[in-house]
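Subject: Structure for your review

Dear colleague,

Please find below the structure that I am handing over to you, with its sequence. My findings follow directly after it, and I would be grateful if you read them with the model open.

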Amino acid sequence: MILLRHGQSEFNLHFTATRRDPGIEDPGLTEHGHAQAEAAASALEGHSLRRLIVSPYTRTLQTAAPVLARRPLDVEISAEIRERFHFTCDIGSPPDRLAERFPDHDFAHLPTRWWPDETETEEAVIERANRFRAAMAARPDWRETLVVSHWAFILALTGQSLTNGSWINYDPTSPPPSALR
């Protein structure tokens with residue numbers, strides 16, 4: 001399957017410059033982030049994809065939009081692949097607000113508050129990644145799946161740190177990483 005980290009968000013822009021939480025809840029993409037999403041969608045055009053699994057944060061939904069504009073895919077919104085809850089940007093939007101902004105997606109299965117109440121431990125994110133890995137390995141279509149997710153989740157899943165808008169091929173039948181880089 002392909003793992004794509006969302007494009008640069010308003011949070012990423014400010015945090016990278018200051019190393020301080022700018023206090024932006026569920027930030028959207030910057031102009032550069034939208035360009036990264038378009039570039040990823042173009043680069044992925046030649047790949048055989050049938051399914052898209054996307055985190056319910058605005059930045060991931062916006063990153064997935066150019067892919068969906070180029071081809072129809074079965075879309076699954078999954079809070080399990082969300083970011084590690086640590087900063088203000090990890091406060092999401094309730095399903096009704098997401099449905100207003102992204103009417104082509106179904107958010108009805110999400111609870112009103114689908115993100116945690118307090119900082120998640122690294123172990124908790126690794127546990128989520130392990131559950132996802134096992135579930136994907138059992139699916140017959142994992143090779144035709146694009147997952148749009150976040151830095152900490154992809155790190156926990158693969159052991160690799162991806163930059164905004166970058167993607168990698170990943171085999172969910174492979175063992176979990178022995179270390180996170």
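D26 is buried, with a relative accessible area of 6% in this predicted model. The residue belongs to the loop between α1 and α2, and its phi is near 40°, a positive value in a residue other than glycine. As background, most residues other than glycine have a negative phi.

The loop between α1 and α2 also holds R19. R19 is not a glycine either, yet its phi is positive, at about 60°. Is R19 buried or exposed? With a relative accessible area of 58%, R19 is exposed, because the cut-off for that class is over 50%. D26, by contrast, counts as buried because 6% falls under the 20% limit.

Helix α1, residues 10–18, comes before this loop. T16 lies in α1 and is exposed, its relative accessible area being 57%. The C-alpha atom of T16 is 33 Å from that of E144, a residue 128 places away along the chain.

On the other side of the loop is helix α2, which covers residues 31–43. Its 13 residues reach 18 Å from the first C-alpha to the last, close to the 18 Å expected at 1.5 Å a residue. Which residues of α2 are buried? They are G33, Q36, A37, A40 and A41. Viewed down the axis of α2, these buried residues fall within an arc of 135°, so they line one face of the helix. In general, an α-helix has 3.6 residues a turn, so residues three or four places apart point the same way. The cover over the buried residues of α2 includes strand β1 (2–5), helix α3 (58–70) and strand β5 (167–169).

The packing of α2 against α3 can be described further. Their axes come within 8 Å and cross at roughly 40°, and the crossing is right-handed. On the α2 side, the residues that meet α3 are H34, A37, E38, A41 and S42. Their partners in α3 are Q62, T63, P66, V67 and R70. A37 and A41 therefore appear both among the buried residues of α2 and in its contact with α3.

E38, which takes part in that contact, also serves as a reference point for A108. The C-alpha atoms of A108 and E38 are separated by 28 Å, and the two residues are 70 places apart along the chain. A108 sits in the loop between α4 (95–101) and α5, and at 70% relative accessibility it counts as exposed.

A second pair of helices is formed by α5 (residues 122–137) and α6 (residues 151–158). At what angle do their axes cross? The axes cross at roughly 65° and come within 8 Å, which makes α5 roughly perpendicular to α6. The contact is made by V125, I126, R128, A129, F132 and R133 of α5, together with A152, F153, A156 and L157 of α6. The crossing of α5 past α6 is right-handed.

Helix α6 is mostly covered, with 7 of its 8 residues buried. The buried residues are A152, F153, I154, L155, A156, L157 and T158. What covers them includes β1, α5, β4 (145–149) and β5. Both β1 and β5 are also among the elements that cover the buried residues of α2. Just after α6, G159 takes a positive phi of about 85°.

Within α6, A156 may be followed individually. A156 counts as buried, at 4% relative accessibility. Leaving aside its neighbours within four places in sequence, A156 is in contact with V125, I126, A129, R133, P177 and L180. Of these, V125, I126, A129 and R133 are also listed on the α5 side of the contact between α5 and α6. The C-alpha atoms of A156 and A179 are separated by 8.9 Å, with the two residues 23 places apart along the chain.

Yours sincerely

Key. Residues are numbered from 1 along each chain as its sequence is written. This is a predicted model: local features need pLDDT of at least 70, side-chain atom pairs count only at pLDDT 80 or more; totals for chains, interfaces and linings use all residues. Side-chain values use heavy atoms; hydrogens and water are left out. Helices (H or I, at least four residues) and strands (E, at least two) are DSSP runs, numbered from the N terminus. The expected span of a helix is 1.5 Å times one less than its number of residues. Buried means under 20% relative accessible area, exposed over 50%, partly exposed in between (1.4 Å probe, protein chains only). The arc is that of the directions from the helix axis to the C-beta atoms. Contact means heavy atoms within 4.5 Å. Axes are lines fitted to C-alpha atoms, for helices over the stretch in contact, and angles run from 0 to 180 degrees between N-to-C directions. Angles under 35 degrees count as roughly parallel, over 145 as roughly antiparallel, 65 to 115 as roughly perpendicular and the rest as oblique. A crossing is left-handed if the near helix is turned anticlockwise from the far one by less than a right angle, and right-handed if clockwise.
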